[in-house]
Amino acid sequence: MEERTAQMATSDNELFHDAFNASPIGIALENIEGQPLFANRFLCSMLGFSEEESRSKHCVDFSPPEDTEKDWALFKQLRAGVIDHYQIEKWFIRRDGSLVWGA
């Protein structure tokens, strides 16, 4: 039974990984401090950073200050358990310094 459970977990992880990377939506998974752990191909392409470069940044590094303030305030509420999710539309800074609008 334990072997079957381990196989199912591996299968679920592979399915998640494949869906994450194939998504036509930019996605980053961040730790509780706001540091990206994973960034999918679309997000990397959209922003012009490699996944490794993305992981070396903090989530506030990807937006101008006025958008960062709103996003970080919501992130802190999420981290504190005040809210269980949030969505925000904001500007993202691309590697070349140009801005792209996203949610």
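Is W91 buried, partly exposed or exposed? In this predicted model, W91 counts as partly exposed because its relative accessibility is 35%, a value that falls between the 20% under which a residue is called buried and the 50% over which it is called exposed.

**Aromatic pairs**

The structure holds four aromatic pairs, and two of them are described here, beginning with F49 and F62, whose rings meet edge-to-face at 5.8 Å centre to centre with 80 degrees between the planes. This pair links distant parts of the chain, since F49 sits in the loop between α2 (41–47) and α3 (51–55) while F62 sits in the loop between α3 and α4, 13 residues apart. F49 counts as buried because its relative accessibility is 12%, and F62, at 8% relative accessibility, counts as buried as well.

W91 takes part in another such pair, with W101, and this pair is also edge-to-face, with 5.0 Å centre to centre and 70 degrees between the planes. Because W91 lies in strand β3 (residues 90–93) and W101 in strand β4 (residues 99–102), the pair ties together parts that are ten residues apart in sequence. W101, at 46% relative accessibility, counts as partly exposed.

**Salt bridges**

A search of the whole structure finds six salt bridges, including the three set out in the table.

| Salt bridge | N to O distance | Relative accessibility of the basic residue | Relative accessibility of the acidic residue |
|---|---|---|---|
| R79 and E33 | 3.3 Å | R79, 33% | E33, 46% |
| K90 and D71 | 2.5 Å | K90, 5% | D71, 11% |
| R94 and D96 | 3.9 Å | R94, 27% | D96, 60% |

The salt bridge between E33 and R79 links distant parts of the chain, with E33 in the loop between β1 and β2 (36–39) and R79 in helix α4, 46 residues apart. E33 counts as partly exposed, and R79 is likewise partly exposed.

In the salt bridge of K90 with D71, the closest N and O atoms are 2.5 Å apart, and the two residues, K90 in strand β3 and D71 in helix α4, stand 19 residues apart in the chain. K90 is buried, because its relative accessible area is 5%, and D71 counts as buried because its relative accessibility is 11%.

In the salt bridge between R94 and D96, R94 counts as partly exposed, whereas D96, at 60% relative accessibility, counts as exposed.

**The cavity**

The count comes to one cavity of 30 Å³ or more, and about 30 Å³ of space lies in the largest cavity. Its lining consists of C59, V60, T68, D71, W72, F75, Y86 and K90, and thus takes in D71 and K90, the two partners of the salt bridge described above. Helix α4 (residues 65–80) supplies the largest share of this lining, with four residues. By class, the lining has five nonpolar, one polar and two charged residues.

**The surroundings of I27**

I27 lies in the loop between α1 (2–22) and β1 (28–30), and this residue counts as partly exposed because its relative accessibility is 26%. Leaving aside residues up to four places away in sequence, I27 touches F20, F38, A39, N40 and L43. One of these contacts, F38, is eleven residues from I27 along the chain, and the C-alpha atoms of the two residues are separated by 8.2 Å.

Terms used. Residues numbered from 1 in each chain as written. Predicted model: local features only at pLDDT ≥ 70, side-chain atom pairs only at ≥ 80, totals over all residues. Heavy atoms only, no water. 1 Å grid on protein atoms, 1.4 Å probe; cavity = no way out; pocket = protein on both sides within 12 Å on 5 of 7 lines; lining within 4 Å. Points joined across faces, edges and corners; volume = space filled by probe spheres on them. Nonpolar A, V, L, I, M, F, W, Y, C, P; charged D, E, K, R; others polar. Buried < 20%, exposed > 50% of the residue type's maximum accessible area, 1.4 Å probe, protein only. Contact = heavy atoms within 4.5 Å. Phe/Tyr/Trp six-rings, centres within 6.5 Å; stacked < 30°, edge-to-face > 60°. Salt bridge = Lys/Arg side-chain N within 4 Å of Asp/Glu carboxyl O.
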